[in-house]
Amino acid sequence: MNKAEMIVSLLNGAAVSVFGSMLSASFSGALAARSGRRAFWLAAALMLIPQSAAYLFWGTARWAQFYPLLVHIPLLFLLRALTGKWLWPAISILSAYLFCQMRRWPALLVAALLPRVPAAQELAELAFTVPWLVVLLRFASPAVRQMMEHPARMQCQFGLIPALYYGFDYLTRIYTDLLSRGSPVVVEFMPTVCCGAYIIFLLHNSAEEGKRTLLRQTQENLKLQVAQATHEITQLRESQAAAARYRHDLRHHLQYLFSCIENGQAERAKDYISGICAELEAQQVRRYCENEAANLILSAFADRAEKTGIEMDVRGALPAVISVVDSDLCVILSNALENAFHACLLLAEAGTACTIGVKFSFQKQNGRLFLQVINPCREVVRFEKGLPVSDRPGHGIGVQSIQSLVKKYGGGCTFQAENGRFTLRLFL
């Protein structure tokens, strides 16, 4: 190797080191803060000194063998100091190494097309370094950085292929010549890894698609429940308005009754009074608190419970205006009371007296709504991941709707069944 080729090789080695270090730092999020960027560039510049000295002293082959000790391990400690993490910086270095190898094939193609040009491969690699680095920093780095927000298990899945390639490259190309000798076991290894990775991708994608389908179904059911709750609220409000009109028209009713009595039509007056009382009773909305939406839902379920011999004990105070949207409040109350009503209905049909206990409160200081619904239950409740589940068709959607809305408002909910009582507690 003449002096010019040595200079090109040295520059290419420095470019590879800067390429991998900068890409690793970008993947790991170490360059997010200004102080982190300054510390990284200073450390990266200092790291080039022993690397260059080792290259000049040992030569290309030995320098490549000690590259992990000269570059990757110091870089890992640097990124650990800047990010406070070990796992994701290690995965970032492995991923950057994998991306770095994508310069090699175009360079090999150039060297094959220009066999008479000295150091054609290293010149081509040097020429491809900056454009490829810009492309990766612009498009790949933001997507890779998103992975560091995921659990460690998913991060390890992401780093599996880069780690396999890292070990394969050093074992078959740097420390041995198995790849260049064309050993079938070695040559077929990476295609096998790619095939396995593709199968894992298919299985993972199928599982995720199943989750997305279930989520879409839950969302559709939630939309239907919101629409139904809105419809019920509208009907109850119309009934309330009709009752208000009856009260407003009381004078006209009294005049009609007075006319019936004056003309000796007592039976006709009685029938008229019975009809008005029945209509008013059907349109009556019980008042439990100042919140209109809560009153309407509670009143509707209290009427249903009363008709089937179930008692409802409602306690609490709720202001007219709260932080929860009326439609969401109605979905939560409706689902909670619907589940309690169905559980009590089985007991009521068997002649057992039962009561649904409802407690709610609202803290103005932090805008939190607290709700508790307790009902007796005859059957053994089965739980999965803290949520009650049922094999009966159509059941379980209400619980999912409650949990979805609780998460929407950043709250929490618990379901508990013990001593023959089922308890739902939530805050949002």
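**Entry 1: the β-α-β unit**

I looked up how β1, helix α15 and β2 fit together, and found that they make a left-handed β-α-β unit. The model is a predicted one, and I keep that in mind for each entry. Strand β1 covers residues 311–316, and its pairing with β2 is parallel, over six bridges. I picked out one position: Met312 stands opposite Ile356 in β2.

**Entry 2: the helix in the unit**

Helix α15 runs over residues 326–349. I checked its length against expectation. At 1.5 Å a residue, its 24 residues should span 34 Å, and the end C-alpha atoms are 33 Å apart, so the two values agree. Just after α15 I noted Gly351, with a positive phi of about 85°.

**Entry 3: the faces of β2**

Which side chains of β2 are buried, and which are not? I went along residues 355–363 and found that the side chains alternate. Ile356, Val358, Phe360 and Phe362 point to one face and are buried. Thr355, Gly357, Lys359, Ser361 and Gln363 point to the other face and are not buried. Ile356, on the buried face, is the residue that Met312 stands opposite.

**Entry 4: the other neighbour of β2**

I then looked at β3, residues 368–376, which is antiparallel to β2 and joined to it by seven bridges. Val358, one of the buried residues of β2, has Val373 as its bridge partner in β3. The hairpin of β2 and β3 has four residues between the strands. In this hairpin I found Gly367 with a positive phi near 70°.

**Entry 5: cysteines**

How many disulfides does a search of the whole structure find? I got zero. A disulfide is a covalent bond between the sulfur atoms of two cysteines. I wanted to know why Cys344 has no such bond. Its closest cysteine sulfur is in Cys354, at 4.0 Å, and the cut-off for a disulfide is 2.5 Å. The pair is therefore too far apart for a bond. I also looked up burial: Cys344 has 0% relative accessibility and counts as buried. Cys100 is buried too, with a relative accessible area of 7%.

**Entry 6: the whole protein**

Last, I wrote down the totals. The protein has 16 helices and seven strands. It has 428 residues, of which 36% count as buried. About 25,200 Å² is exposed, and carbon and sulfur atoms supply 62% of that area. Among contacts with a separation of 6 or more, 66% are between residues 24 or more positions apart.

Notes
Residues are numbered from 1 along each chain as its sequence is written. This is a predicted model: local features need pLDDT of at least 70, side-chain atom pairs count only at pLDDT 80 or more; totals for chains, interfaces and linings use all residues. Side-chain values use heavy atoms; hydrogens and water are left out. Buried means under 20% relative accessible area, exposed over 50%, partly exposed in between (1.4 Å probe, protein chains only). Helices (H or I, at least four residues) and strands (E, at least two) are DSSP runs, numbered from the N terminus. Two strands pair if DSSP finds at least two bridges between them. A crossover is right-handed if, with the strands pointing away from the viewer, the path from the first strand over the helix to the second runs clockwise. The expected span of a helix is 1.5 Å times one less than its number of residues. Contact means heavy atoms within 4.5 Å. Accessible areas come from the Shrake-Rupley method with a 1.4 Å probe; for residues, only the protein chains shown count as cover.
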